[in-house]
Amino acid sequence: MEKLKAAIVGAGIFGSFHARALSEMPEVELIAICDLNRNRAEQIAAQFGIPQVYTSHTEMLAKSGCDFVTIATPDHLHAQVAVDAANAKRDFLVEKPFATTRDDIARMREAISRNGVRAMCDLHNRSSQPYAMAKEIIDSGEMGSVYNMYIRLNDNKSVATDMLSWSASSSILWFLGSHSLDLISYLCGSRPRTVYSLSRKGILQRLGVDTVDIYQTAIEFENGVIAQMENGWIVPNGNTALIDMKCNITCERGSFNINTSNSDMLQILTEERTQTPNCIARPIINGRVEGFAPGNIHSFVRALAENKPFNITVDEAADSCLAILAIMKSAETRQAVTVQY
């Protein structure tokens, strides 16, 4: 089988991860990477043997000869790259969130439809083993319909203060809320109808990052399911895991408790602290990155090669972003907001 030629836009933390995941796929030839910071792009190119380096994504789309693009720019910069990729007739995988404004969501959907390209958003928790298993059981009907849910997905402060240079230009709702909202929508098989959210701001501001600390959101779905969703960037840095993620799902005839942060599969103890690293997201096994995070990138490539459906549709990814915009409006107005799709 002829290899698919891949290109990456964005040479930060997630671009580097995309490069590793794609470089380890025998059916992919990773041919180009683009970043405004050429030195950073050249470092990743040297690490993974990528022959072409660009500082303009439009030039890369025109000259590289790629078959598809993965977009790993900061959250608020996804849309123009995606539209340009679609206009260049290139299929693409875009990191979550799909987009961060209503206008950008509309532009991306229009360009995808008009150009007939295939696109997927990397909401990789759908591929996480515990959630995938819960979804399979829910769909079997064994537990009855989903009735209510609770999910929390939080990060340590260091993610906003140290890991992401652009966190003040984004939001915990875009960075993590996109994952948690997609998951609970996927699990209950419905879209949010009405949201009511409260937020607090101040801790990160005092640390030099002007963004909201935490959102607490109540959600009513179109099928009647109700949920509580918590997303915060202020977990103490001494927490045993960088990511704090737990989910409870109550069905008519049973329930699920899912813990994908402090699962105690592996504990690392030193004189300073105890750590419980995530063993299922992207562990290195026999020199290769494995787990559900690269697995979702792999699934995108294989669906392209085999002309099969992606594990998340453009409409699903876009609808979650429209719901997040409603959550932000609710937090600002302190009123319930009906999601406008």
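Author: Accessible areas here come from the Shrake-Rupley method with a 1.4 Å probe. The model is predicted.

Reader: What percentage of the area that the protein chain exposes do carbon and sulfur atoms supply?

Author: The protein chain exposes about 15000 Å². Of this area, the share supplied by carbon and sulfur atoms is 49%.

Reader: How many helices and how many strands does the protein chain have, and what is its radius of gyration?

Author: The protein chain has 11 helices and 17 strands. For 341 residues the globule rule gives 20 Å, and the chain comes close to that, so it is as compact as a globular protein of that length. Its C-alpha atoms fill a box of roughly 55 × 50 × 45 Å along the principal axes. The radius of gyration is 20 Å.

Reader: What percentage of the residues in the protein chain is buried?

Author: A residue counts as buried under 20% relative accessible area. Among the 341 residues of the protein chain, the buried part is 54%.

Reader: Which strands stand at the edges of the open sheet of 6 strands?

Author: The open sheet has parallel pairing and the order E3-E2-E1-E4-E5-E6. Each edge strand has a single partner strand, so one side of it is left without a neighbour in the sheet. On average, neighbouring strands of this sheet are turned by 20° against each other, direction ignored. The edge strands are E3 (52-54) and E6 (119-122).

Reader: Which residue in E3 stands opposite Cys-34?

Author: Strand E2 covers residues 28-34 and runs parallel to E3, with 3 bridges joining the two. Opposite Cys-34, in E3, stands Tyr-54.

Reader: What angle does the direction of helix H2 make with that of E3?

Author: Two helices that pack on the sheet can be described in turn. Helix H1 (residues 13-23) touches E1 (4-9), E2, E4 (68-71), E5 (91-95) and E6, and its direction makes about 170° with that of E1. Helix H2 (residues 38-48) packs on the sheet by touching E2 and E3. The angle between the directions of H2 and E3 is about 160°.

Reader: Where in the sequence do Arg-38 and Glu-42 lie, and what is the N to O distance of their salt bridge?

Author: Arg-38 and Glu-42 are 4 residues apart in helix H2, which means that about one helical turn separates them. Arg-38 is partly exposed at a relative accessible area of 38%, and Glu-42 is partly exposed at 34%. Their side chains meet in a salt bridge with an N to O distance of 2.9 Å.

Reader: Is Lys-63 buried or exposed?

Author: The side chain of Lys-63 meets that of Glu-59 in a salt bridge (2.9 Å, N to O). The two are 4 residues apart in helix H3 (residues 57-63), about one helical turn. Glu-59 is partly exposed at 30% relative accessible area. With a relative accessibility of 58%, Lys-63 counts as exposed.

Reader: How many residues apart in sequence are the parts that Arg-191 and Glu-222 tie together?

Author: The side chains of Arg-191 and Glu-222 meet in a salt bridge of 3.1 Å, N to O. Arg-191 lies in the loop between helix H8 (172-188) and strand E8 (192-200), and Glu-222 in the loop between strand E9 (214-221) and strand E10 (226-232), so the pair ties together parts whose separation in sequence is 31 residues.

Reader: Which residues are linked with Arg-191 and Glu-222 in a network of salt bridges?

Author: The structure holds 19 salt bridges. Arg-191 is partly exposed at 32% relative accessibility, and Glu-222 is partly exposed at 36%. The residues linked with these two in the network are Arg-109, Asp-315 and Asp-319.

Terms used
Residues are numbered from 1 along each chain as its sequence is written. This is a predicted model: local features need pLDDT of at least 70, side-chain atom pairs count only at pLDDT 80 or more; totals for chains, interfaces and linings use all residues. Side-chain values use heavy atoms; hydrogens and water are left out. Two strands pair if DSSP finds at least two bridges between them. Axes are lines fitted to C-alpha atoms, for helices over the stretch in contact, and angles run from 0 to 180 degrees between N-to-C directions. Contact means heavy atoms within 4.5 Å. The radius of gyration is taken over C-alpha atoms; the globule rule is 2.2 Å times the number of residues to the power 0.38. Buried means under 20% relative accessible area, exposed over 50%, partly exposed in between (1.4 Å probe, protein chains only). A salt bridge is a side-chain nitrogen of Lys or Arg within 4 Å of a carboxyl oxygen of Asp or Glu.
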